[in-house]
Amino acid sequence: RRVLTPDNNADIDAINEGAHFCRLALGIYGWMMAVIEKPISGCCLLGCAWCKKPSISCCTVDEEKVIIGDTLLGCHEIALLKQAGIDSSQLKFAQFKQGYEESPYAITVDYEWKSVVLTIRGTLSLDDVVADLAIRPVLMDMWADRYGC
């Protein structure tokens, strides 16, 4: 059988699912990727979204979400939301710190697809290469139980 044919519904569904979740994979790269992808409008998009942001902090904790390691203006969070095309209420946790022991990642809830989504930024620097080699598994059952997935 030919793979990814336009007349096979399973193939079309797989492509649609990949495209849907790929936006989150792009968004976790933060404000730099937004500016690289759209050099002229990226800065304006981030700036306009920042003006609507109610609080300014590099670490935000509230009942709905936890944000760690963002810029003072919240640019990584804004870029993630804009690039992924998700609402702020869907973002539950984001850690934007990066180094040889940690990589940026986010946990979002996709109510339409009934999914809890863990998005981990890929390798972008030499520190990321070291972090990739030091993977430690972590259970995610708590998030699935909390959001009924």
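Two strands pair if DSSP finds at least two bridges between them. With that definition in hand, good morning, and let me turn to the structure before us, which is a predicted model.

I begin with the pairing to which the definition applies. Strand 2, residues 66–68, and strand 3 run parallel and are joined by 3 bridges. Within this pairing, I68 has Q95 of strand 3 as its bridge partner. Strand 3 also pairs with strand 4, residues 105–110; these two run antiparallel, and 4 bridges join them. One example is L91, whose bridge partner in strand 4 is T108.

How many residues of strand 3 are buried? The count is 5 of the 5, covering residues 91–95, so strand 3 is largely enclosed by the rest of the structure.

Let me now place these elements in the chain as a whole. The chain contains 6 helices and 5 strands. Following the sequence, their order is α-α-α-β-β-α-β-β-β-α-α. Of the 149 residues in the chain, 34% are buried. As for contacts between residues at least 6 apart in sequence, 48% of them join residues at least 24 apart.

The next element is helix 4, which spans residues 75–84. Together with strand 2 and strand 3, helix 4 forms a β-α-β unit, and this unit is left-handed.

Is helix 4 largely enclosed or largely open? Here 9 of its 10 residues are buried, so helix 4 is largely enclosed by the rest of the structure. The buried residues of helix 4 include H76, I78, A79, L80 and L81. Another is C75, at a relative accessible area of 19%, which counts as buried because the cut-off is under 20%.

Three further residues of helix 4 deserve individual attention, and I take them in turn.

The first topic is E77. E77 is buried, with a relative accessible area of 3%. As a general matter, side chains of opposite charge can pair when their charged atoms come close. In this model, E77 forms a salt bridge with K65, and the closest N and O atoms are 2.6 Å apart. K65 belongs to the loop between strand 1, residues 60–61, and strand 2, while E77 belongs to helix 4, so the pair ties together parts that are 12 residues apart in sequence. K65 is itself buried, at 9% relative accessibility. How many salt bridges does the count give? The count comes to 1 salt bridge.

The second topic is Q83, also in helix 4. Q83 is buried, with a relative accessible area of 12%. Its side chain makes a polar contact with the side chain of E37, at 3.2 Å. Setting aside residues up to four places away in sequence, Q83 touches R23, L26, G27, M33, A34 and E37.

The third topic is A84, again a residue of helix 4. A84 has a relative accessible area of 1% and is buried. Which residues does A84 contact, leaving aside neighbours within four places in sequence? They are R23, L24 and A79. R23 thus appears in the contacts of Q83 and in those of A84. The C-alpha atoms of A84 and H20 are 8.8 Å apart, although their positions lie 64 residues apart along the chain as a separation in sequence.

Just after helix 4 comes G85, which takes a positive phi of about 70°. A positive phi is found again at K114, a residue other than glycine, where the value is near 50°. K114 is located in the loop between strand 4 and strand 5, the latter being residues 115–120. Is K114 buried or exposed? At 68% relative accessibility, K114 counts as exposed.

A brief word on cysteines. The structure holds 0 disulfides. C22 is partly exposed, at 47% relative accessibility, whereas C75 is buried.

To close, I return to the central elements. Strand 3 is joined to strand 2 by 3 bridges and to strand 4 by 4 bridges. Helix 4 completes the left-handed β-α-β unit with strand 2 and strand 3, and E77 of helix 4 forms a salt bridge with K65. Thank you for your attention.

How values were computed
Residues numbered from 1 in each chain as written. Predicted model: local features only at pLDDT ≥ 70, side-chain atom pairs only at ≥ 80, totals over all residues. Heavy atoms only, no water. Buried < 20%, exposed > 50% of the residue type's maximum accessible area, 1.4 Å probe, protein only. Right-handed = clockwise from strand over helix to strand, strands pointing away. Polar contact = N/O pair within 3.5 Å; in protein donor to acceptor, adjacent residues only side chain to side chain. Contact = heavy atoms within 4.5 Å. Salt bridge = Lys/Arg side-chain N within 4 Å of Asp/Glu carboxyl O. Disulfide = S-S within 2.5 Å.
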